[in-house]
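Here is a short walk through one small set of features in a protein model. Keep the picture open and look for each residue as it comes up.

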Amino acid sequence: MSAGHAHEELHHLVDRLSPDQARRLLRLVKTDPDLAEAAGEEPSEPVRRRRLSIAGIGASGEGNLSERVEDLLAERFNRST
């Protein structure tokens, strides 16, 4: 793909974006150091996304609970009845 073709294709893409999509694309451009400079912007801080860690959420210190799930459920239901 030639640079001219890519430039033209990008123009067509931007013309088809909704206002919300255009704002999101602009935010991406402004957070990319190479593209922000071309857009006349100082690069801003990249958008940080929170990742929730669920690893170890069921840790009991009693070994592999999945191997004992039926026993544990039986114990729990027998106590509550």
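Valine 14 sits in helix H1. Is valine 14 buried, exposed or partly exposed? Its relative accessibility is 38%, so valine 14 counts as partly exposed; the cut-offs for that class are 20% and 50%. One thing to keep in mind as you look around: this is a predicted model.

Valine 14 turns up in two places. On the outside, Leu10, Leu13 and Val14 make a nonpolar surface patch of about 240 Å². Val14 is also one of the residues that line the largest pocket, and so is Leu10.

Now for that pocket. Its volume is about 260 Å³. Helix H1 (3–16), helix H2 (19–31) and helix H3 (33–38) are the elements that each give two or more residues to its lining. Besides the two already named, the lining includes His7, His11, Leu17, Ala22, Leu25 and Leu26. Further along the chain you'll also find Val29, Leu35, Ala38 and Ala39 in it. What classes of residue make up the lining? Ten are nonpolar and two are polar, with no charged residues. If you're wondering how a pocket gets spotted at all, rolling a probe the size of a water molecule over the atoms shows where empty space is left.

Charged residues do show up in a pairing elsewhere in the model. Side chains of opposite charge can pair when their charged atoms come close. The count of salt bridges here comes to one, and its partners are arginine 23 and aspartate 20, at 3.8 Å from N to O. The two are three residues apart in helix H2, so about one helical turn separates them.

Glycine 40 is a different stop on the tour: look for it in the loop between H3 and helix H4 (69–80). Its C-alpha atom is 9.1 Å from that of lysine 30, and the two residues are ten apart along the chain.

Here is how four of these residues come out on accessibility:

| Residue | Relative accessibility | Class |
|---|---|---|
| Valine 14 | 38% | partly exposed |
| Aspartate 20 | 42% | partly exposed |
| Arginine 23 | 53% | exposed |
| Glycine 40 | 64% | exposed |

Time to zoom out. How many helices and strands does the protein have? There are four helices and zero strands, and reading along the sequence gives the pattern α-α-α-α. Of the 81 residues, 2% count as buried. The accessible surface of the protein comes to about 7900 Å², and carbon and sulfur atoms account for 53% of that surface.

Notes
Residues numbered from 1 in each chain as written. Predicted model: local features only at pLDDT ≥ 70, side-chain atom pairs only at ≥ 80, totals over all residues. Heavy atoms only, no water. 1 Å grid on protein atoms, 1.4 Å probe; cavity = no way out; pocket = protein on both sides within 12 Å on 5 of 7 lines; lining within 4 Å. Points joined across faces, edges and corners; volume = space filled by probe spheres on them. Nonpolar A, V, L, I, M, F, W, Y, C, P; charged D, E, K, R; others polar. Patch = residues over 30% accessible without salt bridge, like charges linked within 9 Å, V, L, I, M, F, W, Y side chains within 5 Å. Areas by Shrake-Rupley, 256 points an atom, 1.4 Å probe, with all protein chains shown as cover. Salt bridge = Lys/Arg side-chain N within 4 Å of Asp/Glu carboxyl O. Buried < 20%, exposed > 50% of the residue type's maximum accessible area, 1.4 Å probe, protein only.
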